[in-house]
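This tour proceeds by selection: at each stop, a part of the model is named and its surroundings are described. Please open the structure in a viewer and follow the stops in order.

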Amino acid sequence: MRKLSMALLAGVALVGCGGPEAAEQQIPTFEEFQAQAIKDEGDVYVVNGDEAVEGVQGLREYYDNFVANGDVGTAEGGLAVYYVSGRDIKWSATAARNITYCVSSSSFGSRYNTVVSAMNSATAAWEATANVNFVHSSSYDSNCTASQSAVVFDVRQVSGAGYVARAFFPNSSRSARNVLIDTSAFGSSGSWTLTGVLRHELGHTLGFRHEHTRSTSSGCYEDNQWRALTSTYDRASVMHYPQCNGTQTGDLVLTSLDKTGARALYP
Ligand SMILES: [Zn+2]
């Protein structure tokens with residue numbers, strides 16, 4: 001999830017937004033695009049506010065596919081799954097029932113219990129509607145790193161990252177499969193609770209794209225690598241940035257369309 005203020009400043013530059021004003025925008029060179037991208041720990045760049053791509057090669061592919069050609073989508077539809085080369089980016093039915101994670105006790109320190117509790121609440125929201133099961137493997141919390149191969153993903157704290165939190169998609173390699181929570185998430189994030197932010201991030205971990213990429217009029221169109229799971233575009237979706245012409249003004253919660261879409265992908 002991107003900071004509200006960051007979105008206003010960086011939204012256009014980072015993701016080559018669509019929308020009526022997009023036609024007049026200059027397409028940045030790759031070097032300009034790279035200079036403005038968030039370089040995360042390890043070999044990860046963050047695009048679209050809170051999504052990981054791997055290495056300069058991953059950033060280059062993203063640029064070549066979407067930014068360089070000024071790609072603007074045409075379809076409008078609440079939930080959309082990451083869709084590449086004719087297939088959904090999602091967990092298999094078996095893997096979806098055992099998505100293990102650790103919560104780094106050393107990085108969160110005194111905030112550890114707060115994060116464990118928020119992760120429990122956020123995972124429960126998805127588990128209540130889709131056939132998925134997140135498992136907190138707490139025995140790995142004391143060694144919860146990007147290279148901990150005993151879990152599917154790690155949850156760690158970062159500081160000054162340029163986002164509130166960021167996640168990954170099911171096709172990410174282990175080293176990029178992190179839910180990173182910036183220290184700013186523990187301050188005031190407007191009406192968002194930490195649990196709300198994590199509900200959004202966990203949507204990415206299940207394969208869901210930003211809902212606002214379904215609309216060219218959201219002002220935050222990203223790219224065309226998605227497949228709609230419901231026929232209706234949902235401006236209130238948990239996966240829709242409120243600042244992108246969204247309608248969810250309170251905390252980030254799953255709407256009825258989110259639930260329908262999640263069940264459609266994980267029946
Ligand atoms: Zn997001």
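In which sense do β9 and strand β10 (residues 178-182) pair, and over how many bridges? They pair in the antiparallel sense, over two bridges.

**Before going further**

Residues are numbered from 1 along each chain as its sequence is written. The model is predicted: local features need pLDDT of at least 70, side-chain atom pairs count only at pLDDT 80 or more, and totals for chains, interfaces and linings use all residues. Helices (H or I, at least four residues) and strands (E, at least two) are DSSP runs, numbered from the N terminus. Two strands are said to pair if DSSP finds at least two bridges between them. A residue is buried if 20 or more other C-beta atoms lie within 10 Å of its own, exposed if 12 or fewer, and partly exposed in between, with C-beta atoms placed from the backbone. Two residues are in contact if their C-beta atoms, placed from the backbone, lie within 7 Å.

With the whole protein displayed, one finds eight helices and 11 strands. Of its 267 residues, 50% are buried.

**First stop: the five-stranded sheet**

Select the strands in the order β7-β6-β8-β10-β9: they form an open sheet with mixed pairing. At its edges are β7 (134-136) and β9 (165-166), each of which pairs on one side only. On β9, select A165, which stands opposite I181 in β10.

Move next to β8 (153-158). Five of the six residues of β8 are buried, so this strand is largely enclosed by the rest of the structure. Towards β10, β8 runs parallel and is joined by five bridges; V158 stands opposite D182 in β10. Towards strand β6 (residues 99-103), β8 is also parallel, with three bridges. Here Y101 has F153 of β8 as its bridge partner.

**Second stop: Y101 and V152**

Keep Y101 selected and display its surroundings. Leaving aside neighbours within four places in sequence, Y101 is in contact with F134, H136, S137, V151, V152, F153, D154 and V155.

Now select V152, in the loop between β7 and β8. Is V152 buried or exposed? V152 is buried, because 21 other C-beta atoms lie within 10 Å. Beyond four places in sequence, its contacts are I99, T100, Y101 and R177. A distance may also be drawn from V152 to S137: the two are 15 residues apart in sequence, and their C-alpha atoms are 9.8 Å apart in space.

**Third stop: the nonpolar core**

A nonpolar core is a set of buried Ala, Val, Leu, Ile, Met, Phe, Trp, Tyr and Cys residues joined through C-beta atoms within 7 Å. The largest such core has 70 residues, and those with the most contacts inside it are V81, Y101, V155, A165, V197 and L198. Select helix α6 (residues 112-127) as well: it gives this core its largest share, six residues.

**Fourth stop: a hairpin and helix α3**

Select strand β2 (residues 44-47) and strand β3 (residues 51-54), which run antiparallel and are joined by four bridges. V47 has E51 in β3 as its bridge partner. Three residues lie between the strands of this hairpin, where N48 takes a positive phi near 55°.

Continue to helix α3 (residues 55-67), whose 13 residues should span 18 Å at 1.5 Å a residue; its end C-alpha atoms are 17 Å apart, which agrees. The expected span is 1.5 Å times one less than the number of residues. In α3, L59, Y62, Y63, F66 and V67 are buried. Seen down the helix axis, the buried residues fall within an arc of 100°, so they line one face of α3; the arc is that of the directions from the axis to the C-beta atoms. They pack against α2 (30-36), β2 and β3. The face turned away from the buried side carries the exposed residues Q57 and D64.

**Fifth stop: the three-stranded sheet**

Select β5-β4-β11, an open sheet in that order with antiparallel pairing. β5 (87-88) and β11 (226-228) each have a single partner strand, so one side of each is left without a neighbour in the sheet. Three bridges pair strand β4 (residues 80-84) with β11, and Y82 stands opposite W226 in β11.

**Last stop: confidence**

Finally, colour the model by pLDDT, the predictor's confidence in each residue, from 0 to 100. The mean is 85, and 87% of the residues reach 70 or more. Over residues 5-24 the pLDDT is below 50, and this stretch has 33 contacts beyond near neighbours in sequence. Residues 72-77 likewise stay under 50. Where pLDDT is low, the predicted coordinates should not be read in detail.
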